[in-house]
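Thanks for coming, everyone. Let me put the structure up, and then we will walk through it together.

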Amino acid sequence: MIEKILKRLFKGRKEKPFLAWQVELTTRCPLRCKMCIRAETKDWQSQDMPLEDFKKLLPYLKEVETVVLEGWGESLLHKDLLECIRLVKKEDSQVGFVTSAKGLTGTRTSELIEAGLDFIGFSIAGTTPETHSNIRVNSHLSEILDAIRFFTEDRKRRSITRPKMHLVFLMLKDNIHEVPLVPSFARKMGIGKVILTNICHTINTWQEEQRIFVWGNDENEDEKMVRQAERNAKRLNILLKRPSLFATDVSVCEENPLRSLYISTEGEVSPCVYLYPPLYSPFKRVFCSQEYWMEKVSFGNIFKESFSEIWNGKSYENFRNCFMDRKNRFRELYFSVWDSPKVRNGQDTRLPKPPEPCKTCHKILGF
């Protein structure tokens with residue numbers, strides 16, 4: 001998902017080797033969202049990345065198009081957030097994060113703009129206060145609307161267009177009826193981009209019952225709601241990005257481990273945020289309605305060894321090669337003019353298997 005969002009946000013920039021590094025500044029969060037994997041655990045590891053450790057990342061950022069300063073926590077809680085933004089900007093990378101906007105005042109907004117923030121997303125789970133707060137517990141829609149207003153007014157006063165703002169709306173059974181209203185909601189707030197998302201990492205019965213994606217391909221009422229949102233967005237000139245609600249064997253998931261990665265607060269380098277949660281290993285994951293226990297995936301600690309050693313390590317290389325094989329096979333199957341699936345008459349069109357940790361992730365099914 002990160003790749004497609006950022007490509008839309010920053011068109012025209014010279015491409016660097018890495019599309020995005022997701023750097024987790026903190027695992028602390030003031031919310032108690034029902035869809036979070038923290039909902040049922042008592043071993044959540046609350047920690048912050050020290051500024052001195054963050055500075056160790058700077059030599060590598062010239063090769064990174066965008067640095068996303070977020071992980072499993074609320075980035076606004078990190079005491080050195082502003083300095084981290086300033087340091088990233090000195091390395092000529094775009095920088096931003098998605099937030100609940102909890103405690104985001106007008107003064108704080110001004111500081112973020114002055115630090116050089118390029119983009120910011122606001123997480124919502126409803127277009128009404130009741131729906132939103134029922135899902136994102138301890139979050140209030142009014143705070144988010146105030147934060148958007150702070151940014152809008154400050155940008156206007158400075159005659160600038162950054163940070164770019166977008167809404168991130170998590171779709172669940174409890175709020176799917178409000179999805180068609182999201183484009184008009186965004187327009188009223190002066191926001192032109194909306195990202196609809198699925199609940200991909202589920203751990204309990206409530207979360208499983210709340211997901212709206214299915215394994216078949218028959219159109220259901222939830223899909224109708226999303227399509228109505230697409231029509232409304234087009235009519236209102238709102239850019240809307242949506243996930244599939246039906247299983248599709250994608251060659252490379254939207255986290256794109258070929259050009260993106262995740263760095264935890266303690267410096268562990270993982271292909272994506274879903275493979276290294278701040279929990280003791282193994283951690284629980286529900287996939288296709290079955291429960292699995294997963295080992296956390298790290299290919300090295302960037303605070304203790306060089307990034308080249310980590311990235312070029314055999315285990316990390318083998319992990320990425322699985323996706324390269326899938327990507328190449330996909331191109332072979334669907335982008336050959338003279339040798340398309342239509343003329344194969346039954347030839348196997350399945351993609352090679354993904355890496356072992358990704359076989360039980362809903363992302364690999366296009367969700």
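Start with Cys272. Its relative accessible area is 10%, so Cys272 is buried. Keep in mind that this is a predicted model.

Which cysteine sulfur is closest to the sulfur of Cys272? The one in Cys361, and the distance is 6.1 Å. That is too far for a bond. Now turn to Cys361. Is Cys361 buried or exposed? Cys361 is at 12% relative accessibility, so it counts as buried. For Cys361, the closest cysteine sulfur is the one in Cys272.

A quick reminder on the chemistry. A disulfide is a covalent bond between the sulfur atoms of two cysteines. The cut-off used here is 2.5 Å between the sulfurs. How many disulfides does that rule give? The count is zero.

Next, the sheet. It is open and has nine strands. What is their order? Read it across as E7-E6-E5-E4-E3-E2-E1-E8-E9. The pairing is mixed. Which strands stand at the edges? Strand E7, residues 239–241, and strand E9, residues 269–270. Each has a single partner strand, so one side of each is left without a neighbour in the sheet.

Now go inside the sheet, to strand E3. E3 covers residues 94–99. Five of its six residues are buried, so E3 is largely enclosed by the rest of the structure.

What does E3 pair with? Take strand E2, residues 64–68: E2 and E3 are parallel, with three bridges between them. One pair to find on screen is Thr66 and its bridge partner in E3, Gln94. Follow the chain from E2 to E3 and you pass through helix H3, residues 81–90. That β-α-β crossover is right-handed.

E3 is also joined to strand E4, residues 119–124. Those two run parallel as well, with four bridges. Look for Thr99, which stands opposite Phe122 in E4. From E3 the chain reaches E4 by way of helix H4, residues 106–115. This β-α-β crossover, too, is right-handed.

Stay on H4 for a moment. Which of its residues are buried? Arg108, Thr109, Ser110, Leu112, Ile113 and Ala115 are. What covers them? The cover includes H3, E3 and helix H6, which spans 141–158. Just after H4 comes Gly116, with a positive phi of about 110°.

On to E4 and its partner E5. Strand E5 covers residues 164–170. E4 and E5 are parallel and share six bridges. Ser123 is a good place to look: its bridge partner in E5 is Val168. H6 lies across both E4 and E5. Against E4, H6 runs at about 160°.

Between H6 and E5 there is a loop, and Thr161 sits in it. Is Thr161 buried or exposed? It counts as exposed, at 65% relative accessibility. Now compare Thr161 with Val179. They are 18 residues apart in sequence. In space, C-alpha to C-alpha, they are 27 Å apart.

That loop also holds Pro163. The peptide bond joining Arg162 and Pro163 is cis, with omega about 0°. Another cis peptide bond runs from Ser281 to Pro282, with omega near 0°. Where is Pro282? In the loop between E9 and strand E10, residues 283–287.

Last topic: positive phi in residues other than glycine. Take Asn138. Its phi is near 80°. Asn138 is in the loop between helix H5, residues 129–135, and H6. At 36% relative accessibility, Asn138 counts as partly exposed.

Then there is Asn256. Its phi is near 45°, again positive in a residue other than glycine. Find Asn256 in the loop between E7 and strand E8, residues 260–263. Is Asn256 buried or exposed? It counts as buried, at 6% relative accessibility.

To wrap up, two things to take home. The sheet is open, with nine strands and mixed pairing. And Cys272 and Cys361 are both buried, with their sulfurs 6.1 Å apart, too far for a bond. Thanks, and over to you.

Conventions: Residues are numbered from 1 along each chain as its sequence is written. This is a predicted model: local features need pLDDT of at least 70, side-chain atom pairs count only at pLDDT 80 or more; totals for chains, interfaces and linings use all residues. Side-chain values use heavy atoms; hydrogens and water are left out. Buried means under 20% relative accessible area, exposed over 50%, partly exposed in between (1.4 Å probe, protein chains only). Two strands pair if DSSP finds at least two bridges between them. A crossover is right-handed if, with the strands pointing away from the viewer, the path from the first strand over the helix to the second runs clockwise. Contact means heavy atoms within 4.5 Å. Axes are lines fitted to C-alpha atoms, for helices over the stretch in contact, and angles run from 0 to 180 degrees between N-to-C directions.
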